[in-house]
Amino acid sequence: MHGITAAGRLMINNGYMDLALEEARDAAGRGEVPVGAVIVRDGIVLARAGNRTRELNDITAHAEILAIRQAAEALGSERLTDADLYVTLEPCTMCAAAISFARLRRLYFGAEDEKGGAVTSGVRFFNQPTCHHQPEIYPDIASEHATQLLKNFFKGRR
């Protein structure tokens, strides 16, 4: 992992994680695990998405994957170079691979996912020698809000 650079610090306090949290709340309202993602390039929001795995009966419909698809379509390219991803939960292995293949510049995430995460937890995908591209990584961004959303969602399910 990288230390927070000056550019990274500027990007943290810009409201994009708030948009991701809105997407997570919307996902919870649909009965989905509350995870939201936003992709930004040059100060422009290219994509916003929340989990839709149940709604679409698609295990790959994680917020990050949906946002990557939207951003790639918006740009007309599968490479999202110079774009940043804000997501409320540490990405899983599938999403980490998609982030790498999309060549996203920075990854900002909220809550750590000790069980299913693959960035600072679990397999630590970006640290593997077979990883093609590693974004700059900024964990623990608005994590208390993201964690509370998840706790409330799962508390209501029990």
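Is Gln134 buried, exposed or partly exposed? The legends below take that up last, after a look at some strands in this predicted model.

**View A. Strands S1 and S2 pair up as a hairpin.** S1 covers residues 36–41 and S2 covers residues 44–50. The two pair in the antiparallel sense, with six bridges between them. Just two residues sit between the strands, and Asp42 in that turn has a positive phi of about 55°.

**View B. Strand S1 also has S3 as a partner.** S3 takes in residues 84–89, and four bridges join this strand to S1. Here, too, the strands run antiparallel. S1 is mostly covered, with five of its six residues buried.

**View C. Zoom in on Val40.** Look towards S2 and you'll find Val45, the bridge partner of Val40. Over in S3, Val40 stands opposite Asp84. As a rule of thumb for reading such views, side chains in a regular strand alternate between the two faces of the sheet.

**View D. Gln134 sits in a loop between two strands.** The strands in question are S4 (106–111) and S5 (136–138). Back to the opening puzzle: Gln134 counts as partly exposed because its relative accessible area is 31%, which falls between the 20% and 50% cut-offs. Ser100 is 34 residues away from Gln134 in sequence, yet their C-alpha atoms are 6.1 Å apart in space.

Conventions
Residues are numbered from 1 along each chain as its sequence is written. This is a predicted model: local features need pLDDT of at least 70, side-chain atom pairs count only at pLDDT 80 or more; totals for chains, interfaces and linings use all residues. Side-chain values use heavy atoms; hydrogens and water are left out. Two strands pair if DSSP finds at least two bridges between them. Buried means under 20% relative accessible area, exposed over 50%, partly exposed in between (1.4 Å probe, protein chains only).
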